[in-house]
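Please open the structure in your viewer and keep the selection tool at hand. The tour proceeds by short stops, each with something to select and something to note.

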Amino acid sequence: MSTAEMRQVRRPGDYRSDVKPVWCPGCGDHHILLSFTRAFAELGEPPENIAVISGIGCSSRIPAYTNCYGFHGVHGRSLALAAGLKVTRPDLTVVVASGDGDGYSIGGNHFLHACRRNLDMTYVVMDNRVYGMTKGQPSPTTEPDFDTALSPGGTGLSPFHPLVIALASGANFVARAFSGEHKETASILVDAIRHPGFSFVEILSPCVTFRPDERQWKTMVRPAPVAATDDPGRAARRLMTDDGFNIGILYRGARKPYRPEFGRATADLAALEKEFEL
Amino acid sequence: MKQAPGVSIAIIGSGGAGALTSGNFLLEAACGAGWHGLLTRSVGPQIRGGEAAALIRLAQHPVECAADRFDLLIAIDWLNAGRFESEIPLGPQSLVVGDPEGGAVPPGIAASGARLVEIPMKAIAKALPEGRANMIALGIAGKLLGLGADLMLEVMNKRLAEKGSAAVAASRAGLEAGRKAAAGLPLAAEPTSSKPRDTRRWLISGNEATGLGAIRGGIRFAAAYPITPATEILEWLAPNLAKVGGVLVQAEDELASVNMTIGGSYGGTPSLTATSGPGLSLMIEAIGLATASEISIVVVDVMRGGPSTGIPTKSEQADLNLAVYGLHGDAPHLVLAPQSVADCLITTQWAVFLAEVLQSPAIVLSDQFMGQSRAAIERPADVAFIGQRARANDINGDYRRYALGATGVSSMALPGTPGGQYTADGLTHTERGVPTGSAAEHCAQLDKRRDKLEHFSYGDHWANIEGDGYLAVVTWGSLTGAAREAISRARAEGIAVRLLAPRLLAPVQPAAFARALEGARRVLVVEQSHGAQFYRYLRAHYELPGEVRVFHRPGPLPIRAGEGHQEIRNWSA
Amino acid sequence: MTRASDVPEISSLADLFAIAYGIEIDAVARYELLADQMETHNNAELVAMFRDLARAEGLHAEEIRRLAGDIDVAAHAAQLGAWKSGDSPEEADLNAAHYLMTPWHALQMALAGEERALAFFQRILDTAEDPGIKAMAAEFVNEETEHVELCHRLLRKHQRPPDSWSHDLDPPGGQE
């Protein structure tokens, strides 16, 4: 099949499996699924050439809801799974889906190194500032005074800035989206996937069950006041002073993606064995 | 007690003296003269400038274990050498060459009964331009082993060529001075003349053999994190994988390493990682993921002293429990163990083959003794163990990734294959890979994964079974060589002993095991574990006929053939 | 956040038909999604409600197709690609769903949708210059007005639920 034929006009429905999501009605992730399928349709890649890799958590359920190849791995390790896949299958479009717990807590270390490694893939974190699947514990992005069973009265810890961390670690594309604007989000995802290197998109996704206060987010988000910059210093200043509700592409870098040589042999086994001969 | 024919030499020195370099050159020269040999090394905790010992055993047959006693010890200096006392057993027949300026002889060595001779290696070296004491020591060793000067020089030229002609000249001068200084000392072995180059034999370390076996088996992707004593596998794989079109990625930790390995395999590339005990502990969760989602991966564990950080530079056989029992849930998987430096190649290659065919993780339990030893081995045969994964192509309609069937192996659709889309999952799943909590589905998939391993025909390769007799020695891994030698000494005394050394530790092979021990009335289990892990594993899964004795101790000291021989004798009276 | 929705220009009757058709088709898909969500959350009453609403929107779509005659509204709608941002007027708000929602809530969602659609066609009626478009817009305004009235009638049959409607006696279940 030629590239042109492969990129035939596709509809979002082509990318949806017939598995019905078990997310709570009202969960932002329902919108994100719409964004995913809309983005995939716009890109036109056949579903079998897309791999959606996830960890554990509500957001990580998403691969089975798409009609693409998927891997629902263990908690916090989706970026590593995806890296192994992308290095050996650079032909695939690899999208990694995670949440604020899976991605920033247990997955934190891999987050740093994935940004630094800059493989050509897109990392989507559905941030609801809580651990939904395990019933409501604070996450690394939860406000310090948010009362929970495991941290009565709040943790007292400042949430960190995932976008700043991504930038500092070398991500080549940094954006924030809001699940409620699912078409704008789709558009950001298309951009992110098309952008070479490691693209990081944090999507604010209200948790209707454990964070009903997040219903307000739709009145708090705003389009980012300035266009994306390609200057990491400027981006750093903006992101450090960002209040967490600026929506849009915030940084578009020009780092060359990491693509290790793979698949081209220059020697055979006999050549390898020569060094051992007495 | 009579030592088997052969000769053992140790060269020790500290502070950058170059004992290990001399040891390596000596091994190469000796093997060039037709000897078989095994070099192991022992080092202090320093990165550089520490005390180091090159321990070499030469024989006319393949060497797979340490000798009972050393014939020759050359000490470039004695600084902190007390650390090596228990690793270099000496006796009245041994010769110790020391340097009068080298410090005090460690009490254990002085009291061994060995003959002590002094040669001023440091002073001799000082008198030569760019002279080095380790070359003097090498000259002494070569002379006393009966190795021709020309052979030694050949090795020197080859190995030092890149350092320039001055270095080569200095080394030649050192060798000659050493040979001269050794005049009058008793030879440790008969002189041999150099033999024509023999490309049927290799000089290779266990870790290198592991890497080569992996590539032979089809591995083209490795993701790993360095850890002693496995790092050399990665160092060898990095450039060599690249040559054959593969790639090694250094990951940020072991968790990333094993998950990347799974990702690579999911995409269709046979993939591997290598680590040691602490790393394997970290990887266990992901190995469970590979088991549940039926992904082929190979995880090499070069075992070292444990528990926890343990003794990183020494060998032990105490990761068995972790390898076979470490996964939560019921998660049968493959566990294999090579038995010698040469076997590291074959067993790793076989592990890749099995992992690919059975869509399962395979843990390969190597150890520091094999991994970091260099040995002369026969060139391995080109065995046709190339992994063949059952792939789903040309999918029309209803694809079921985890379809139940006769063998338990279901075909795997690789990403990019139209119609084969599925989500691999650690969650318990149906044949289609859909998560489920159903009792029937859970059981069905558990049965599938168990049956695919148990119904497979592993052939004779599952164990080395040798000899006959009512006494059977059952052991595994690097102790197999020592057991074999102990048995051959016993046989020479008229005691019939059989050897059973499984290479495939999991899944267990009860029928084959029972056949191997038919007629045996006494079972001697030999292992290098404080808790006798292997013995308890055998008890749990196998019938052990008659009486059973266990000869076990933890690392760091190797179990020597003489000790095994004594145990056999004691039980054969 | 308020953003100007990216509604395409209506420069022909075909455009108007296509957009009207698209609005109904989007609504069908959205109600089906909501029905699926209610199904996985065992709210049988709402499954039936949302399937009914989907069916109703489907009938509206068919009506528009009939009205459009020879115009291939489906193809034209796909080509136009309207509603580049935000939901189209009758797409029910996914964020307003709740697993314990009642028919009253669903009808409120439907009412909101119909009101948005009415406002949309009213704007076209007010601003269009082409008489053909104006006439058809008027038709659509009438249609949507009827839909709004229907919603009100149905709502009068359902009591507004008490404040405790979303109280669940069971605790949440951790999953992984």
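**First stop: a helix of chain A**

Select residues 182-194 of chain A, which form helix α7. The model is a predicted one, and this helix has 13 residues. From its first C-alpha to its last, α7(A) reaches 18 Å, close to the 18 Å expected at 1.5 Å a residue.

Next, colour the buried residues of α7(A): they are H182(A), E184(A), T185(A), A186(A), S187(A), I188(A), L189(A), A192(A) and I193(A). What covers these buried residues? The cover includes helix α2 (28-43) of chain A. It also includes the chain A strands β3 (93-99), β4 (121-127), β5 (173-178), β6 (198-204) and β8 (246-252).

**Second stop: an enclosed strand of chain B**

Move to chain B and select residues 361-367, which make up strand β13. Seven of the seven residues of β13(B) are buried, so the strand is largely enclosed by the rest of the structure. In a regular strand, side chains alternate between the two faces of the sheet. Look at both faces of β13(B) in turn: P361(B), I363(B), L365(B) and D367(B) lie on one side, while A362(B), V364(B) and S366(B) lie on the other.

Which strands are joined to β13(B) by bridges? Add residues 297-303 of chain B, strand β11, to the selection. Seven bridges join β11(B) to β13(B), and the two strands run parallel. Then add residues 334-336 of chain B, strand β12, which is parallel to β13(B) and joined to it by three bridges. Now centre the view on V364(B): V300(B) has this residue as its bridge partner in β13(B), and so does L336(B).

Select helix α12 (residues 341-358) of chain B as well. Together with β12(B) and β13(B), this helix makes a right-handed β-α-β unit.

**Third stop: the whole sheet**

Widen the selection to the open sheet of chain B, which is formed by seven strands. Their order is β9-β8-β10-β11-β13-β12-β19, and the pairing is mixed. Why do β9 (247-250) and β19 (504-506) of chain B each have one side without a neighbour in the sheet? Both stand at the edges with a single partner strand each, so one side of each is left free of a neighbour. On average, neighbouring strands of this sheet are turned by 25 degrees against each other, direction ignored.

At the β9(B) edge, select strand β8 (residues 221-224) of chain B. Four bridges join β8(B) to β9(B), and these strands run parallel. F221(B) has V247(B) as its bridge partner in β9(B). Then show helix α8 (residues 231-243) of chain B, which packs on the sheet and touches β8, β9, β10 (271-275) and β11 of chain B. The direction of α8(B) makes about 135 degrees with that of β9(B).

**Last stop: chain C and its surroundings**

Select chain C, which has five helices and zero strands. Its C-alpha atoms fill a box of roughly 60 × 40 × 30 Å along the principal axes. Of the 176 residues of chain C, 36% count as buried.

Finally, display the contact between chains C and A, which takes 19 residues from chain C and 20 residues from chain A. The chain C side of this contact has six nonpolar, nine polar and four charged residues. Chain B and chain C do not touch, and their nearest C-alpha atoms are 9 Å apart. Among the two pairs of chains that touch, the most contacts are between chains A and B.

Definitions and conventions
Residues are numbered from 1 along each chain as its sequence is written. Chains are lettered from A and ligands numbered from 1 in the order in which they are written. This is a predicted model: local features need pLDDT of at least 70, side-chain atom pairs count only at pLDDT 80 or more; totals for chains, interfaces and linings use all residues. Two residues are in contact if their C-beta atoms, placed from the backbone, lie within 7 Å. Ala, Val, Leu, Ile, Met, Phe, Trp, Tyr, Cys and Pro count as nonpolar, Asp, Glu, Lys and Arg as charged, and the others, Gly among them, as polar. A residue is buried if 20 or more other C-beta atoms lie within 10 Å of its own, exposed if 12 or fewer, and partly exposed in between; C-beta atoms are placed from the backbone. The expected span of a helix is 1.5 Å times one less than its number of residues. Two strands pair if DSSP finds at least two bridges between them. A crossover is right-handed if, with the strands pointing away from the viewer, the path from the first strand over the helix to the second runs clockwise. Axes are lines fitted to C-alpha atoms, for helices over the stretch in contact, and angles run from 0 to 180 degrees between N-to-C directions.
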